[in-house]
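Biologist: I should be grateful for a close look at a single part of this structure, the sheet, and at what lies around it. Please describe how its strands are arranged, and then turn to the neighbouring elements.

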Amino acid sequence: MKLLVTRPADQALEWTVRLQERGIDAAALPLIGIQPAPDGAAVAAAWATLAGMSLVVFVSPNAAEQFFALRPAGLAWPAGVLAGSPGPGTTRTLRALGVPASAIAAPAHDAAQFDSEALWAQLSARDWSGRQVLIVRGDGGRDWLARTLNEHGAQVATVAAYRRAAPVFDVPQRALLAAALAAPQQHLWFFSSSEAIDHLDAATPGAHWRAARALATHPRIAERARALGLGTVLRCRPEFDAVVACIQSFAASNPP
């Protein structure tokens, strides 16, 4: 059974390597393309205001990477500014980019979900009245955290650090997709985004999904996979070891 990792290319490669190290036959099949910031000037302007922020939320590793790609030369993360991360992938990226661990607010490592709601659970006890908050994201996306912070008195701005796009498959990826469609029982989809499923749907018109199987890391993602028609959709926690355990359990109960 081959696991298909559908995250954007950089994260898909990272996950594939880590999963292979754990003995899992994983292959990257990115279903979300990442393009540079639609307005680089807006990102540069956001950097100029960073020291006045109480909180800067990065919605994903891509948000952090693309935002820091336009960081002014020599500028360090400002003291006293909190960096919000919805999960361990974003946290690792922020640490690699030089943000001190003490400046990062993130869900607990054993949180049931890694998302805006889990991050808010770490932030909700603070007084946000009059605080300046910046949310770094792609073009569009959920506004739940921005609304919640607004409701608690924060003044929230957003900046699009990257653009999400439909994937552009190379020849090996097209072959991998064709193999998964032709032999669904020999493949297991790994979904960590509903948008990835939307792109898969658009890229495979007329496909039949009843025999396909998938892991989903969030209830909304599982719901979208079932709406596509996948016959088997398993929920698992998004933390790496939990994903590995879920894959191993499924493989043991579904031998070739």
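Modeller: Strand 1 (residues 2–5) pairs with strand 2 in the parallel sense, over three bridges. Within this pairing, leucine 3 has alanine 26 of strand 2 as its bridge partner. The model is a predicted one. Both strands belong to an open sheet of five strands, which has the order 2-1-9-10-11 and parallel pairing. Strand 2 (26–28) and strand 11 are the edge strands, each pairing on one side only. From one strand to the next, the twist averages 25°.

Helix 7 (residues 171–182) lies across strand 1, strand 2 and strand 9 (187–191). With respect to strand 9, helix 7 runs at about 115°.

After strand 11 (232–235), the loop that leads to helix 10 (240–253) holds glutamate 239. The side chain of glutamate 239 reaches the backbone nitrogen of aspartate 241 at 3.3 Å. Leaving aside residues up to four places away in sequence, glutamate 239 touches His109 and Phe114. By contrast, 30 Å separates the C-alpha atoms of glutamate 239 and valine 43, which are 196 residues apart along the chain.

A pair of helices completes the description. The axes of helix 5 (residues 116–123) and helix 6 (residues 144–151) come within 10 Å and cross at roughly 25°; the two helices are therefore roughly parallel to each other. Their crossing is right-handed. Ser116, Glu117, Leu119 and Trp120 in helix 5 meet Trp144, Leu145, Thr148 and Leu149 in helix 6. The residues of this contact comprise five nonpolar, two polar and one charged.

Technical notes: Residues numbered from 1 in each chain as written. Predicted model: local features only at pLDDT ≥ 70, side-chain atom pairs only at ≥ 80, totals over all residues. Heavy atoms only, no water. Helix = DSSP H or I, 4+ residues; strand = E, 2+ residues; numbered from the N terminus. Contact = heavy atoms within 4.5 Å. Polar contact = N/O pair within 3.5 Å; in protein donor to acceptor, adjacent residues only side chain to side chain. Axes fitted to C-alpha atoms, helices over the stretch in contact; angles between N-to-C directions. Parallel < 35°, antiparallel > 145°, perpendicular 65-115°, else oblique. Left-handed = near helix turned anticlockwise from the far one by under 90°. Nonpolar A, V, L, I, M, F, W, Y, C, P; charged D, E, K, R; others polar. Pairing = 2+ DSSP bridges.
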